[in-house]
Amino acid sequence: VSQDDGKTWRFEQTTFDGELKHHYVDPNPVLLDDGRIRLYYLANFGPPQPGKVNEVHSATSRDGLAFQADKGFRVRRDGITDPDVIKTKSGWKMMVSQGQTAISASGPDGLNFEWDDYPVSVSGAVSRTMAINGGYRLYKCWHGGIRSQVSPDFVSWTEEGVRISMEAAGGGVCDPGLVQLGDGSYLM
């Protein structure tokens, strides 16, 4: 937990009640309109197995520490990881990684999603997406660095290039996370 825009942190234990599977990874918190936090995560992570299908689940919290699992799963598909969920003007979008490709699903309420018929990115995955003026910016891992792309509609995308290079980071860097601070700047 940070009280100073991410400059210092203290450790707090989170708790989960309800229908929650073991080995959950790849958390993606989303602030809901009513102030609660919905945490999306991969619920059944483990070694690849023939016929194993991965599922993205969610849990909701009022304080960000005590979570109640939402019933069922949000999406499921072979080989998916790293959910990236954002509320849009017309509903909800979820991007997930499938290897080095990012695929997406759409839904009306953040709990029920249907797969879209097009890839979001074929040049990188493990994304974090944010709303920007005129559309959306997606940050993603690609060849040891962080790249970005923009879209007005989640269908047509324009590559923007490298945001953090592997060399600038002093080695491989991946799994971007972003937050806008109170002064309008961003922390990645």
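**Exercise 1. Are lysine 93 and aspartate 116 buried or exposed, and what do their side chains form together?**

Start with burial: lysine 93 and aspartate 116 are both buried in this predicted model. Buried here means under 20% relative accessible area. Next, look at the charged ends. The two side chains meet in a salt bridge, with N and O 2.6 Å apart. Finally, place the partners: lysine 93 sits in strand S8 (residues 92-98) and aspartate 116 in strand S10 (residues 114-121), so the pair ties together parts that are 23 residues apart in sequence.

**Exercise 2. Find the salt-bridge partner of lysine 87, then sort both residues by accessibility.**

Step one is the partner: lysine 87 pairs with aspartate 33, and their closest N and O atoms are 2.4 Å apart. That pair links distant parts of the chain, 54 residues apart, with lysine 87 in strand S7 (residues 80-87) and aspartate 33 in the loop between strand S2 (25-31) and strand S3 (37-42).

Now sort them. The cut-offs you need are under 20% for buried and over 50% for exposed, with partly exposed in between. Lysine 87 has 39% relative accessibility, so lysine 87 counts as partly exposed. Aspartate 33 comes out at 70%, so aspartate 33 counts as exposed.

**Exercise 3. Do the same for aspartate 70, then take stock of the salt bridges in the whole structure.**

Aspartate 70 forms a salt bridge with arginine 38, the closest N and O atoms being 3.4 Å apart. This is another link between distant parts of the chain: aspartate 70 is in the loop between strand S5 (66-69) and strand S6 (75-77), arginine 38 is in strand S3, and the two are 32 residues apart. As for accessibility, aspartate 70 and arginine 38 are both buried.

To finish, zoom out. Searching the whole structure turns up ten salt bridges. Shared partners also join Arg137, Glu160 and Arg163 into one salt-bridge network.

**Exercise 4. Work out how strand S12 is paired on each side.**

Take S11 (residues 125-132) to begin with: S11 and S12 run antiparallel and pair over six bridges. Within that pairing, threonine 129 stands opposite leucine 138 of S12. The S11-S12 hairpin has two residues between its strands, and glycine 134 there takes a positive phi near 90°.

Then turn to S13 (residues 145-151), which is joined to S12 by seven bridges, also antiparallel. Here tyrosine 139 has serine 148 in S13 as its bridge partner. S12 and S13 make a hairpin with two residues between them, and histidine 143 in the turn has a positive phi of about 50°.

With neighbours like these in mind, check how covered the strand is: S12 (residues 135-142) has six of its eight residues buried.

**Exercise 5. Which residues touch the most other members of the largest nonpolar core, and which strand gives the most to it?**

The core has 14 residues, and Tyr40, Val56, Val75, Val85, Trp92, Met94 and Phe113 touch the most other members. For the strands, S3, S7, S8 and S9 (101-107) each supply at least two residues. S8 gives the most, with three.

Now pick one member and list its contacts. Leaving out residues up to four places away in sequence, valine 75 touches Asn54, Glu55, Val56, Ile80, Met94, Ala105, Phe113 and Trp115.

Last step: look for another cluster. A second, separate core has eight residues, including Met95, Ala102, Tyr136 and Leu138. In soluble globular proteins, nonpolar side chains tend to be buried together.

How values were computed:
Residues numbered from 1 in each chain as written. Predicted model: local features only at pLDDT ≥ 70, side-chain atom pairs only at ≥ 80, totals over all residues. Heavy atoms only, no water. Buried < 20%, exposed > 50% of the residue type's maximum accessible area, 1.4 Å probe, protein only. Helix = DSSP H or I, 4+ residues; strand = E, 2+ residues; numbered from the N terminus. Pairing = 2+ DSSP bridges. Salt bridge = Lys/Arg side-chain N within 4 Å of Asp/Glu carboxyl O. Core = buried A, V, L, I, M, F, W, Y, C linked by side-chain atoms within 4.5 Å. Contact = heavy atoms within 4.5 Å.
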